[in-house]
Amino acid sequence: MDLFEKQSSEFARRHIGPDEHETREMLAAIGAGSLEELIKNTLPPDILLPRDLDVPGPVSESEYLRDLKETANRNRVFRSYIGQGYYDTIVPSVILRNLFENPGWYTQYTPYQAEIAQGRLESLLNFQTMVSDLTGLPIANASLLDEGTAAAEAMTMLFNHRNRDHETATATRFFVDEKIFTQTRQVLETRALPAGIQLVSGRFDRIEPDETFFGGIVQYPDSEGTVVDYREFAGKFHRAGAQVIMATDLMALTLLAPPGALGADVAIGSAQRLGVPMGFGGPHAAFFATRDEFKRNLPGRIIGVSIDARGKRCLRMALQTREQHIRREKATSNICTAQALLANMAAMYAVYHGPTGLTEIAKRISFLAGALATGLSQAGFGLRSQAFFDTLTVEVPDTAALKRESENAEMNFHYPGGNLVTVSLDETTTRNDVLDIIHVFNRSVGVDASHVSFDEDASEDFIPASLARTQEFLQHPVFNSHHSETEMMRYLKSLENKDLSLVHSMIALGSCTMKLNAATELIPVSWHHFSNIHPFAPAGQTAGYGHIVRELESLLCRITGFTACSLQPNSGAQGEFAGLLAIRGYHHSRHDQHRNVILIPISAHGTNPASAVMAGFRVVVTRCDEAGNIDLEDLKAQAEKYRDTLAGLMVTYPSTHGVYEETIREVCQIVHDRGGLVYMDGANMNAQVGLTSPGTIGADVCHLNLHKTFAIPHGGGGPGMGPICVNDKLAPFLPGRDGKGAVSAAPYGSASILLISYAYIRMLGAEGLYKASVYAILNANYMKARLEKYYRILYTGRNGSCAHEFIVDLRPFRSTANIEAEDVAKRLMDYGFHAPTLSFPVAGTIMIEPTESENKAELDRFCEALINIHEEIREIEEGRADKKDNVLKNAPHPLSVVAADEWLHGYSRSKAAFPLEFLDQHKCWPSVSRVNNTFGDRNLVCTCEPVSSYAETPA
Ligand SMILES: Cc1ncc(COP(=O)(O)O)c(C=O)c1O
């Protein structure tokens with residue numbers, strides 16, 4: 001390799017942990033002569049790719065950024081007055097720098113391990129409090145994917161609730177007001193069809209609901225900007241036994257009566273305009289708030305208050321068992337990954353501005369909208385409404401002329417049809433902008449003038465008195481304390497410091513692929529030319545994004561061995577739903593509507609059956625054999641039993657047991673022979689890229705979790721992206737660009753983070769991608785080789801190897817030492833590590849996935865921690881340590897416990913907190929003792945409580 005080739009391939013060296021020397025040592029430990037031999041010994045030969053990936057060569061980090069700058073400049077950033085759920089916003093610099101662009105925040109995992117996640121849990125609780133306060137509804141979750149899917153989740157929740165006592169659903173109609181955002185309607189349509197929900201479109205003031213309705217949705221303010229009083233509408237629905245969803249806007253709610261006070265049962269919407277850039281559609285946090293009655297049906301995650309082992313107040317994800325709403329045929333939602341990082345940004349925006357600051361921002365917007373209305377009226381333009389917050393719908397004689405003039409002036413409006421134009425203002429709008437808008441309107445009718453008065457004293461109030469907010473909000477001290485930049489910076493840091501992320505140590509989460517999220521991949525996401533583009537900006541202004549989209553679609557097709565791709569699904573589970581809808585579309589197009597059975601192996605992730613149910617299929621679960629593989633005989637029997645109604649199979653490969661099953665091709669054939677199609681769950685693509693592919697194996701469709709294999713960070717529980725790739729058969733059934741079959745609100749889902757995966761592929765090139773998979777396998781097999789001397793490894797494949805992850809069985813220690821898998825998970829925190837995946841897919845086990853990004857030294861530290869924990873278990877088994885008072889049962893040990901004057905344990909403080917020497921350099925303290933899981937669920941509190949409750953609660 002010459003000097004310049006070396007430079008081009010530098011990123012692979014930086015992304016992949018082990019160097020040549022370490023590689024040799026690791027291969028020796030495994031007993032393989034070379035990496036090639038390792039691969040030969042691990043993968044079934046009949047699935048190997050016949051040739052190298054057709055992906056262009058690698059580019060260096062600096063070359064990539066230089067090229068991308070040019071692509072970015074092909075996007076043209078106009079002033080956006082399009083609105084419709086996406087608004088320009090000012091990201092406070094202190095949040096941009098200390099949260100959005102900070103790996104201490106964005107590389108965190110979902111906060112399942114509460115003791116090392118108190119920081120983000122607090123921030124998400126702030127988010128819930130903000131949503132609950134502003135919407136006037138008591139229960140809120142910690143984010144959903146976008147406004148459209150939140151509306152669909154709300155509809156489904158009400159549908160299941162209304163019909164829960166009936167064998168067959170009796171109330172199947174759902175009212176959709178004609179003035180909800182178009183993209184929300186499209187997502188509702190996609191969701192309603194397979195669920196057997198009949199959408200009834202119309203005007204909210206004309207609908208007369210009866211017992212066939214279970215609910216209805218309205219937009220507040222509506223898509224034309226009108227602030228409507230929905231009290232009467234809500235009353236009518238309630239009298240008919242149906243519920244009401246209001247899609248709403250948190251900024252507007254600082255000035256408007258909250259949905260809860262107008263009779264809403266559910267309020268949903270997007271928190272984007274609270275300091276999260278538009279990013280061509282996302283990622284942004286959607287919110288969901290509801291009445292107490294629905295708290296056990298709420299989709300997504302809820303953060304709740306609990307106590308730790310010392311009775312100290314702490315936080316955790318509440319109702320985690322309920323979170324298994326993603327459970328097989330009882331599924332009501334498939335939400336897993338949501339938008340935690342963006343919820344944190346929005347929450348911090350509210351913390352920074354506080355109730356007064358937010359109200360001032362909203363008042364400025366409202367004042368400018370009022371001035372614009374007056375100016376346009378005086379210029380002779382007709383307004384559709386005199387009751388609005390930030391959006392005006394204006395009648396113009398010639399929309400084409402207006403569009404031409406506005407685009408000449410580099411501004412975009414929204415054209416809902418006919419002679420109407422909609423103009424939405426936001427917190428970035430200035431008085432000069434308002435003058436410019438009026439000027440453009442005037443020019444469109446041949447007048448070259450612009451005039452308006454900005455006299456605050458003389459300004460008219462366009463919010464009707466009956467809908468003006470009287471309720472206080474954000475009174476909790478957290479929203480009233482951190483308003484200087486110094487305070488805000490310290491608050492952000494103090495929360496970050498409570499949490500463990502990839503900046504501390506490896507996070508070996510099986511099935512989640514917590515690999516490096518490289519700075520070069522992430523930097524462009526906040527570039528002006530990518531972050532400030534509206535998802536519905538005219539195509540002529542988004543050529544840069546268009547280029548990335550086309551390239552990425554093509555690259556992902558080549559990697560998966562498929563021919564068409566949709567980048568729309570904004571999580572893996574949404575990808576499953578979209579892929580299954582494609583299968584459904586295919587069967588229906590052949591008049592095979594009766595093909596409605598999906599086979600799913602018992603080892604599958606919960607989202608698989610949940611998505612299948614959502615897509616209108618019947619789930620039939622098939623067995624695994626003792627070795628953890630799909631039980632071929634059972635699969636055959638089930639496929640045969642349902643051969644006339646078989647729609648397909650969902651399968652994860654390598655399996656969720658971390659094994660390349662030898663029979664995978666046969667599995668696909670069994671299904672194909674009986675008229676079914678094969679859906680491959682791409683969660684484990686990190687063990688396929690460059691080695692094999694879903695297309696090569698014989699699948700028809702797969703999703704890719706870009707937030708796993710393709711380097712998008714987990715963000716503490718989102719964002720993510722779950723594009724799907726399909727073969728020719730299914731290509732016509734992908735979600736359409738025209739909104740047909742939409743599974744997300746925006747055409748390309750959370751488009752701005754596609755840049756991360758694009759960078760990953762471009763900088764690694766074909767060889768680097770191949771190497772990444774090989775090293776993921778090497779790292780897993782090396783750890784397995786070290787740990788199998790101490791622990792039972794549950795399943796292995798060819799030659800005793802594992803794929804990119806493996807399962808460690810902890811169940812035997814229950815009887816020998818009274819130790820549970822959870823004790824080991826908590827003890828790992830004392831060693832500075834996040835636990836691997838706990839009890840998935842097998843209860844009582846941990847699943848380790850090191851990824852290629854960790855070097856041997858880090859893998860060794862983790863192994864040493866687990867080996868030492870094994871010794872600590874032995875001490876209990878042999879009676880050298882007490883069965884109750886031991887380092888595992890009492891784990892984790894926070895600093896406040898270790899440094900306390902009182903120490904009542906039968907082991908030393910240093911054994912508790914510094915059990916291995918490397919901890920002198922690597923200590924990361926959990927901030928609370930073991931969190932009490934049941935207390936929080938029995939006493940569900942999911943908003944910030946009054947300060948008095950922070951006083952210690954007796955255990
Ligand atoms: C095997 C498997 N399938 C599907 C999913 C769902 O993906 P997402 O969380 O992106 O919705 C996961 C998530 O961890 C998974 O592990």
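## Close-up views of a predicted model

**View 1. Thr-622 and its surroundings.** Not counting neighbours up to four places away in sequence, Thr-622 is in contact (heavy atoms within 4.5 Å) with Leu-599, Ile-600, Pro-601, Ile-602, Asp-634, Leu-635 and Gln-638. Before going on, please note that this is a predicted model, where local features need pLDDT of at least 70, side-chain atom pairs count only at pLDDT 80 or more, and totals for chains, interfaces and linings use all residues. Residues are numbered from 1 along each chain as its sequence is written, and side-chain values use heavy atoms, with hydrogens and water left out. Thr-622 belongs to strand β18 (residues 618-622). Helices (H or I, at least four residues) and strands (E, at least two) are DSSP runs, numbered from the N terminus. Is Thr-622 buried or exposed? Thr-622 counts as buried because its relative accessibility is 1%, where buried means under 20% relative accessible area, exposed over 50%, and partly exposed in between (1.4 Å probe, protein chains only).

**View 2. The nonpolar cores.** A nonpolar core is a set of buried Ala, Val, Leu, Ile, Met, Phe, Trp, Tyr and Cys residues joined through side-chain atoms within 4.5 Å. The largest one here has 245 residues, and Met-130 and Phe-441 have the most contacts inside it. Helix α15 (residues 340-378) supplies the largest share of this core, 23 residues. Next to look for is a second, separate core of 36 residues, with Leu-145, Leu-158, Val-266 and Ile-268 among them. As a general background, nonpolar side chains tend to be buried together in soluble globular proteins.

**View 3. The contacts of Phe-441.** Which residues does Phe-441 touch, not counting residues up to four places away in sequence? They are Leu-376, Phe-381, Val-394, Val-396, Leu-402, Phe-413, Val-421 and Val-423.

**View 4. The ligand and its shell.** Around the ligand there are 14 residues, and Thr-337, Ser-511, Gly-572, Asp-681 and His-707 come nearest; a residue is near a molecule or strand if one of its heavy atoms lies within 4 Å of it. By class, the shell holds 3 nonpolar, 8 polar and 3 charged residues. Here Ala, Val, Leu, Ile, Met, Phe, Trp, Tyr, Cys and Pro count as nonpolar, Asp, Glu, Lys and Arg as charged, and the others, Gly among them, as polar. Helix α22 (residues 572-589) gives the largest share of this shell, 3 residues.

**View 5. Polar contacts to the ligand.** A polar contact is a pair of N or O atoms within 3.5 Å; within protein, one must be able to donate a hydrogen and the other to accept it, and residues adjacent in sequence count only if both atoms are side-chain atoms. A backbone N or O atom of Gly-572 lies 2.7 Å from a ligand oxygen atom. For Ala-573, a backbone N or O atom is 2.8 Å from an oxygen atom of the ligand. Lys-708 takes part through its side chain, with a polar atom 2.8 Å from an oxygen atom of the ligand. How much of the ligand's accessible area does the protein cover? On its own the ligand has 390 Å² of accessible area, and the protein covers 97% of it (Shrake-Rupley method, 1.4 Å probe; for residues, only the protein chains shown count as cover).

**View 6. Thr-837 in its strand.** Strand β25 (residues 837-838) is the place of Thr-837. Thr-837 counts as buried because its relative accessibility is 9%. A polar atom of the Thr-837 side chain lies 2.6 Å from the backbone oxygen of Gly-510. Beyond its neighbours within four places in sequence, Thr-837 is in contact with Ala-508, Leu-509, Gly-510, Thr-845, Ile-846 and Met-847.

**View 7. Ser-459 in a loop.** You can find Ser-459 in the loop between α17 (431-444) and α18 (485-496). Ser-459 counts as partly exposed because its relative accessibility is 36%. A polar atom of its side chain lies 3.1 Å from the backbone oxygen of Glu-456. The C-alpha atoms of Ser-459 and Ala-371 are 7.3 Å apart, though these residues are 88 residues apart along the chain.

**View 8. Backbone details in the loops.** Tyr-220 and Pro-221 are joined by a cis peptide bond, with omega about -5 degrees; Pro-221 lies in the loop between β5 (213-220) and α11 (231-239). Another cis peptide bond runs from Gly-282 to Pro-283, with omega near 10 degrees. Phe-280 is not a glycine, yet has a positive phi of about 60 degrees.
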